[in-house]
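Trainee: I'm new to this structure, and I'd like a close look at one part, the place where the ligand sits. Could you walk me through it?

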Amino acid sequence: MFDPSKAIQDMQEFGEFGGVNPSITDSSTYTFMTPERMKELFDHEIEGCFLYSRHWNPINKNLAQALAGLEDSEAAQVTASGMAAISCTILQLCGSGDEVLCSRTIYGGTYALFKNFLSRMGITVRFINVYDPEVVKQSITERTKVIYSESISNPLLEVADIPTLAEIANQHEIKLVIDNTFSPMIISPLRLGAHIVVHSMTKFINGTSDCVAGSICSSAEFIQQLTDVNSGATMLLGPVLDSARAASILKNLHSLHIRMKQHSHNGMYLAKNLEDLGFKIFYPGLSSHPQHELMAQLMNEDFGFGGILAWDVGDEAKANELMTAMQQENVGYLAVSLGYFKTLFSSPGNSTSSEIPVEERAQMGLSNGLIRLSVGLDNDIQATLERIKTSLNKVALL
Ligand code: PLP
């Protein structure tokens, strides 16, 4: 059994003066004892040697190593946002004339980047139903370079069949890129055959909603390509993660395993109870979820089905009233984003999925009455349910 927390637990990195945390790099540039050594480093990476902090810096390297351990990859790179991780990955893999096949249920920012921005660079993105392998197979052309999906989709919580997608990608010698933002530790896409995993570390991995950050985990060869001084997307587009932030994310990463278990425990509790009250709930831990069995096969043991659930209350007006009442009752905050220690809720149709045209949202089953809940770490989740019930009563939904 693979334990995604093990490599992080096994890390031992002393700070400069023996501190229990590695030192924060407070330099953008690094000295060399000889000009020849500097030239050598420009020609190729030298273990333990640093050139310039946009390329690599020590604390970012520590964080990247921890993330490689989390995803069981040969190597990793950290970036200043999840969007930087996604855009650098795609721009490294694709150029003008190339094509990406992307899941039609996807985070709105990714959708906007793919639809509106990549097209300006001559990269075509086709949005398809990646949950149907036949559709994926039939959509591949000789221009296709990438299949792109979220492991668990935002906001409808559909579960990607990563092994099947990987098999198709391998048959055509193209790359399968998976955004694992919703399910760190729960799903290990590279172990299931994906080639590259991206994360918005802004969410669960950091867990304190105090910064924006991203990561890319893959083969040593791909990370080397990304950081190449002459042709690497992370080096040349420059989305470097600030080292003070890297240090704080690394500390938070050490509690990720405990947090994921609690998020999942609370998510399952609310999903079950809200479904029992008669509501339409999307949560992969429920047997009513179309990919519940698939998720059970793909997931690592012990970390549950995750902390995100989607709840369809019918229409936009009701969703808005309910979210207002839930904030008043201190169920959590009416805010976008997820993976925070407090519960966050928002209506994707009016926020994180608003980039997706209404007709396409209707096709994918994303109603304006949908509320996405990122369930917090509440120790007393029964009390949270009572607050939700009070909110439901207030708006006459119970
Ligand atoms: N991927 C997913 C699934 C997301 O939900 C988000 C943000 O909400 C992103 C990527 C983008 O990450 P960031 O906001 O860190 O750039």
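Mentor: Here is a tour of the ligand site, followed by the other hollow spaces.

A quick word on the ground rules: this is a predicted model, where local features need pLDDT of at least 70, side-chain atom pairs count only at pLDDT 80 or more, and totals for chains, interfaces and linings use all residues. Residues are numbered from 1 along each chain as its sequence is written, and side-chain values use heavy atoms, with hydrogens and water left out.

Let's start with the neighbours. The ligand is surrounded by 14 residues, where being near means having a heavy atom within 4 Å of the molecule. Met83, Asp179, Ser200, Thr202 and Lys203 are the closest. Helix α4, residues 82-93, gives the largest share of this shell, with three residues; helices (H or I, at least four residues) and strands (E, at least two) are DSSP runs, numbered from the N terminus. Sorted by class, the shell has five nonpolar, six polar and three charged residues. In that sorting, Ala, Val, Leu, Ile, Met, Phe, Trp, Tyr, Cys and Pro count as nonpolar, Asp, Glu, Lys and Arg as charged, and the others, Gly among them, as polar.

Now for the polar contacts, meaning pairs of N or O atoms within 3.5 Å; within protein, one must be able to donate a hydrogen and the other to accept it, and residues adjacent in sequence count only if both atoms are side-chain atoms. In the side chain of Lys203, an N or O atom is 2.6 Å from an oxygen atom of the ligand. Gly82 brings a backbone N or O atom to 2.9 Å from a ligand oxygen, and Asn154 has a polar side-chain atom 3.0 Å from one. On its own, the ligand has 390 Å² of accessible area, and the protein covers 91% of that (Shrake-Rupley method, 1.4 Å probe; for residues, only the protein chains shown count as cover).

So where is all this? The ligand sits in the second largest pocket, in the sense that more than half of its atoms lie within 2 Å of the pocket's grid points. The search uses a 1 Å grid over the protein atoms alone: a cavity is a set of points where a 1.4 Å probe fits but cannot get out, a pocket is an open set with protein on both sides within 12 Å along at least five of seven lines, and lining residues have an atom within 4 Å of a point. This pocket holds about 290 Å³ of space, a volume being the space filled by probe spheres set on the points, which are joined across faces, edges and corners. Of its 21 lining residues, Tyr107, Asn154, Thr181, Ser200 and Lys203 lie nearest the centre. Here too α4 gives the largest share of the lining, three residues, and the classes are eight nonpolar, nine polar and four charged.

For context, the largest pocket has about 800 Å³ of space. Its lining counts 36 residues, with Gly48, Cys49, Phe50, Pro58 and Lys61 nearest its centre, and α3 supplies the largest share, six residues.

Finally, the whole structure has two cavities of 30 Å³ or more. The largest is about 70 Å³, with Trp56 and Arg54 among its lining residues. The second largest, about 30 Å³, has a lining of seven nonpolar, one polar and no charged residues, including Phe182 and Tyr283.
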